[in-house]
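Thanks for making time this morning. I would like to walk through one structure with you, going from a pair of helices to the cores and then to a single buried side of the story.

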Amino acid sequence: MCLTLQRHEQRLYKSTIQVIRYMPRAAMKRITGMFIVASTTWTSMRSFGLLHLVGLSHVASFVVGFLLMDLTFYYWHRANHRVSMRWRFHNVHHIDPDLDVSTALRFHAGEVLFSVAFRIAQIGLLGVSLLTYVIYESVFQGSTIFHHSNVRLPLRVERLLNVIVVTPRMHGIHHSVMESETHSNYGVVFSWWDLLHRSLRRNVPQAAVVIGVPAYHEPSDNTLWQTLTLPFRQQRDYWCWPDGTRPMRDVTPTQRDSSRLLA
Ligand SMILES: [Zn+2]
């Protein structure tokens, strides 16, 4: 079953455009792969990186490495929202007015370039093995597709899953037009990092979430050309609708505790 929110773009048209947007990313991923193999081989041979300093067993090194990869990506994602130059690029991902699997492919080539540099530095400084990287990257990609999807899981199942991992309802709040909600729920694999850093919001009912960024909500803002050039153009007041008003949400009793269960 899928969420039945009103769609702004035709599914086929949107998917085609997202695939075109994804092509530079796919090319960069291949090149990155070669750098990462070289980087993990070099760090293993030289015993370089945090995990080598601690001297853990192979199993412990894998577990700690996996967790640190996810935690440090949480910080990276958070910085994408808080550093204005980085947000110009990350915003291209957020202005998608229809949240679905194809949104997981929608990243500006500039953001992909920054992410590639971050990934290489992350692996080198942490000193994770090639095996840890390959497993983490596979889980990371699977999680990204899962939590951007519009699959409606039974609420009980999603609440149970969300104790450990990021789920579609949790990530849906991250794509809300409300500024405070977009700047929350930064996790990719585990939901714990948001809980730990008090950036977790689970108290917004899915039906109340409007997806997108208010200032870029028109179909004309989401053409291929507009999204390619968006980071280089003068920026609008992101969190206001074109008429200058800000999105509002009625205060609900559950808003007193932002880490309460999803609805
Ligand atoms: Zn984001």
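At what angle do α3 and helix α4 pack, and how far apart are their axes? Please keep in mind as we go that this is a predicted model. In it, α3 and α4, the latter covering residues 84–94, pack at an angle of about 100°, and their axes are 6 Å apart. Since angles of 65 to 115 degrees count as roughly perpendicular, α3 is therefore roughly perpendicular to α4. On the α3 side the contact is made by Ala-79, Asn-80 and His-81, while α4 contributes Arg-86, Trp-87 and His-90. If we sort the residues of this contact by character, 2 are nonpolar, 3 are polar and 1 is charged.

Let me stay with α4 for a moment. Its buried residues are Phe-89, His-90, Asn-91, Val-92, His-93 and His-94, and the buried residues of this helix pack against α3, α5, α9 (179–182) and α11 (224–229).

Following the chain onward, we come to Arg-106, which sits in the loop between α4 and α5. Is Arg-106 buried or exposed? Arg-106 is buried, because 21 other C-beta atoms lie within 10 Å, and the cut-off for calling a residue buried is 20 or more. The C-alpha atom of Arg-106 is separated by 9.6 Å from that of His-90, although the two residues are 16 residues apart along the chain.

Now to the cores. The largest nonpolar core has 22 residues, and those with the most contacts inside it are Met-69, Ile-123, Leu-126, Val-128 and Tyr-133. Two or more residues of this core come from each of α3 (58–82), α5 (109–126), α6 (130–148) and α8 (168–174), and α3 gives the most, with 3 residues. Taking Ile-123 as an example, and leaving aside its neighbours within four places in sequence, we find Ile-123 in contact with Ile-36, Ser-39, Thr-40, Val-128 and Tyr-133. There is also a second, separate core of 9 residues, which includes Phe-89, Phe-107, Val-112 and Tyr-216; Phe-89 is the residue we met among the buried positions of α4.

Finally, a word on confidence. The protein averages a pLDDT of 87, and 84% of the residues score at least 70. Over residues 1–5, however, pLDDT stays under 50, and for that stretch the model has 7 contacts beyond four places in sequence.

Terms used:
Residues numbered from 1 in each chain as written. Predicted model: local features only at pLDDT ≥ 70, side-chain atom pairs only at ≥ 80, totals over all residues. Core = buried A, V, L, I, M, F, W, Y, C linked by C-beta atoms within 7 Å. Buried ≥ 20, exposed ≤ 12 C-beta atoms within 10 Å, placed from the backbone. Helix = DSSP H or I, 4+ residues; strand = E, 2+ residues; numbered from the N terminus. Contact = placed C-beta atoms within 7 Å. Axes fitted to C-alpha atoms, helices over the stretch in contact; angles between N-to-C directions. Parallel < 35°, antiparallel > 145°, perpendicular 65-115°, else oblique. Nonpolar A, V, L, I, M, F, W, Y, C, P; charged D, E, K, R; others polar. pLDDT = per-residue confidence, 0-100.
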